[in-house]
Amino acid sequence: MMETGHAIRDAILRRERSAEETTKAALASIERLEPSLQAYLTLLPERALAKARDVDARIARGERVGALAGVPTAVKDLFCVKGARTTCGSKILDNFVPPFSATVVERLDAADAIIVGKTNMDEFAMGSSCENSAFHPTHNPWDLEGVPGGSSGGSAATVGARSVPCAVGTDTGGSIREPASFCNIVGVKPTYGRVSRYGMIAFASSLDQAGPMTADVRDAADMLEAIAGHDPMDSTSVDLPVPRYADALRDDLSGVKLGIVREFEESIAVDPAMATLYKQAYADLERLGATLVEVSLPHAKYGLATYYLIAPAECSSNLARYDGTRYGVRVDGDADVFAMFEKTRTAGFGPEVKRRIILGTYALCSGYYDAYYVRAQKVRTLMKADFDAAFASCDAIACPAVSCPPFELGAKTQDPVAMYLMDYFTIPMSLAGVPALSVPAGYVNDLPVGLQLCAPAFEEGRMLGIAHAYEQATRHASAREPVAS
Amino acid sequence: MADVPIDIAYTARLARLSLSDDESARFSAQFVRLFDFIQELQQLDVAQVPATAQVIPLSNVMRDDEPVPCLTQDEALANAPAREGPYFKAPRILE
């Protein structure tokens with residue numbers, strides 16, 4: 001049965017149950033499901049139980065505890081956790097034990113969340129199925145033959161399987177929203193700059209953003225409030241007050257104008273089952289009081305091309321640091337430093353990472369830089385202008401999160417371009433930097449599908465409010481049980 | 001179908017990667033498909049459009065220069081593949 005993080009926290013605060021027994025139950029569920037799901041790369045039972053006992057002791061003494069007190073929480077293996085192996089899904093970081101924690105992790109600790117383990121992911125967050133993990137694939141709890149989505153696939157799978165109510169993921173071009181859709185959970189990509197990137201292993205620095213992956217919208221609101229905010233350690237984190245997002249949750253949508261994207265509706269129409277599901281979702285939003293207006297994102301069709309120049313360019317620069325010198329795995333090169341770099345990187349990176357490093361290196365080469373990288377940055381300006389124009393006539397956008405329900409493991413591994421196309425509906429928001437989320441919207445072929453909502457920059461509260469009204473009126477995720485739970 | 005303008009072996013060398021013949025051939029075929037849609041960007045007239053590097057522009061972000069505790073030498077070196085005393089150890093770069 002689906003149990004939310006806020007229900008767990010409230011029960012712990014009322015002393016109906018302890019954080020320790022809650023943590024033990026979560027760890028037992030994870031252990032029972034790991035043989036079939038393989039959602040984790042590292043489990044942290046000792047850290048989790050120590051934290052849970054600390055929370056219980058403070059509650060017993062009548063002390064104040066944080067907003068996520070006792071909530072079992074999984075962390076994508078891209079966030080540094082001090083003293084805990086952090087691989088980013090890569091062999092090149094197989095042995096890396098960070099000497100510090102990411103700001104997101106410190107804020108989860110400060111909110112008294114119980115971090116139970118590090119979840120599986122596509123290597124360096126490059127992928128849409130979790131199959132690019134250097135360690136093992138993860139299975140979808142709603143279909144064990146299916147992928148959980150990616151790159152935050154392990155986080156999505158463990159929440160979708162109801163082992164834990166909350167997890168953090170990261171989204172560069174859809175890596176929170178697509179797996180959230182595939183695993184029937186809520187996944188939020190905040191505005192770029194809303195959440196600190198300090199201690200997140202970088203993939204594409206102008207796009208990467210951490211966010212909640214949770215059982216319901218209220219959990220996402222609580223977690224976002226806990227992790228958001230300015231951080232002097234990240235010069236791109238924005239110094240704006242963090243609202244109480246839970247106060248923005250609403251139950252009806254009267255007065256809300258929702259934009260339906262003409263170009264996206266033309267794309268989804270090629271799959272009648274998907275189109276029918278989204279039409280029903282828009283009708284449900286209308287029934288709740290929203291007014292639907294058509295909007296246009298004329299440059300959205302250039303999203304993939306733009307993204308697959310900008311993200312690889314940034315990745316080729318960010319991943320230059322993995323050379324076997326200071327941390328991670330080293331492969332010796334007969335006393336020659338350049339041979340060491342090359343052997344280390346050749347042995348340490350998987351095929352998708354190599355592909356993107358080469359593409360990005362090329363896009364940044366002198367002679368091609370203006371034709372590819374700079375041109376992509378200019379199209380990015382047009383994409384952002386598209387969203388500004390759309391939001392002049394609506395409060396938020398409702399659109400597909402994905403083009404299909406979860407696909408089978410192995411179905412797209414031989415065709416990287418088919419895999420890239422999975423992010424068609426999520427990339428434009430990443431390029432524009434605006435917040436977007438996926439909320440469960442029903443089933444196609446008995447497999448979960450998410451609805452995407454998107455709002456202007458820093459209007460996460462508005463977006464979560466709309467998602468909450470929709471979720472409470474439809475209750476798609478809690479209506480069924482996953483195969484693995 | 002677009003031409004693949006990439007010299008894969010040369011670009012891999014710049015990125016300090018070595019590819020097997022098999023990998024080069026596979027990547028080459030995949031880049032052909034990728035460039036099919038990357039080339040779509042050439043259709044757009046962007047001569048007058050400014051480039052966006054980052055969508056939430058902040059400039060000259062400063063913080064107070066206050067000393068705070070930092071990693072000890074041992075902590076900073078704990079992940080070193082090889083160390084010698086207080087140093088990271090790597091093959092010589094100068095003859």
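This report describes selected features of a predicted model, moving from a pair of helices to single residues and then to charged side chains.

## Two crossing helices

In chain A, helix H10 (residues 303-318) and helix H12 (residues 351-364) have axes that come within 7 Å and cross at roughly 100 degrees. Since angles of 65 to 115 degrees count as roughly perpendicular, H10(A) and H12(A) are therefore roughly perpendicular to each other. On the side of H10(A), the contact is made by Tyr308(A), Leu309(A), Pro312(A), Ala313(A), Cys315(A) and Ser316(A), while H12(A) contributes Arg356(A), Ile357(A), Leu359(A), Gly360(A), Thr361(A), Ala363(A) and Leu364(A). By character, the residues of this contact divide into nine nonpolar, three polar and one charged.

## A buried valine in contact with chain B

Val379(A) is found in helix H13 (residues 370-391) of chain A, and with a relative accessible area of 0% it is buried. Leaving aside neighbours within four places in sequence, Val379(A) is in contact with Tyr302(A) and Thr306(A), and also with Leu41(B), Leu44(B) and Val46(B). Val379(A) and Gly89(A), which are 290 residues apart in sequence, lie 31 Å apart in space when taken from C-alpha to C-alpha.

## Backbone features

Most residues other than glycine have a negative phi, and most peptide bonds are trans. Asn184(A), however, has a positive phi near 65 degrees, and this residue is placed in the loop between helix H6 (177-183) and strand E5 (186-189) of chain A. Asn184(A) counts as buried, because its relative accessibility is 3%. Arg475(A) also has a positive phi, near 50 degrees, and is placed in the segment after helix H16 (460-474) of chain A; with a relative accessible area of 45%, Arg475(A) is partly exposed.

The peptide bond from Gly150(A) to Ser151(A) is cis, with omega near 10 degrees, and Ser151(A) has its place in the loop between E3 and H5 of chain A.

## A buried glutamate without a salt bridge

Glu131(A) is found in the loop between strand E3 (114-119) and helix H5 (153-160) of chain A. Which side chain of opposite charge is nearest to Glu131(A)? That side chain is Lys412(A), 9.2 Å away, and Glu131(A) is buried yet has no salt bridge. Because a salt bridge requires the nitrogen and the carboxyl oxygen to be within 4 Å, a separation of 9.2 Å from Lys412(A) does not qualify. Not counting residues up to four places away in sequence, Glu131(A) touches Asp122(A), Pro137(A), Val147(A), Phe407(A), Leu409(A), Gly410(A), Thr413(A) and Met419(A).

## Salt bridges

Over all chains, a search of the whole structure finds 29 salt bridges. The side chain of Arg9(A) meets that of Asp10(A) in a salt bridge at 3.1 Å, N to O, and it also meets that of Asp222(A) in a salt bridge at 3.0 Å, N to O. The pair of Asp222(A) and Arg9(A) links distant parts of the chain, 213 residues apart, with Asp222(A) in helix H7 (residues 217-227) and Arg9(A) in helix H1 (residues 5-13) of chain A. Asp222(A) is buried, with a relative accessible area of 12%, and Arg9(A) counts as buried at 15%, whereas Asp10(A) counts as partly exposed at 28%.

Arg480(A) and Asp446(A) have side chains that meet in a salt bridge at 2.9 Å, N to O. This pair links the segment after H16 of chain A, which holds Arg480(A), to the loop between strand E10 (436-444) and strand E11 (447-454), which holds Asp446(A). Arg480(A) counts as partly exposed at 35% relative accessibility, whereas Asp446(A) counts as exposed at 55%. Elsewhere, Lys51(A), Asp54(A), Arg58(A) and Asp112(A) are linked in a network of salt bridges.

Technical notes:
Residues numbered from 1 in each chain as written. Chains lettered and ligands numbered in written order. Predicted model: local features only at pLDDT ≥ 70, side-chain atom pairs only at ≥ 80, totals over all residues. Heavy atoms only, no water. Axes fitted to C-alpha atoms, helices over the stretch in contact; angles between N-to-C directions. Helix = DSSP H or I, 4+ residues; strand = E, 2+ residues; numbered from the N terminus. Parallel < 35°, antiparallel > 145°, perpendicular 65-115°, else oblique. Contact = heavy atoms within 4.5 Å. Nonpolar A, V, L, I, M, F, W, Y, C, P; charged D, E, K, R; others polar. Buried < 20%, exposed > 50% of the residue type's maximum accessible area, 1.4 Å probe, protein only. Lys, Arg positive; Asp, Glu negative; His and termini not counted.
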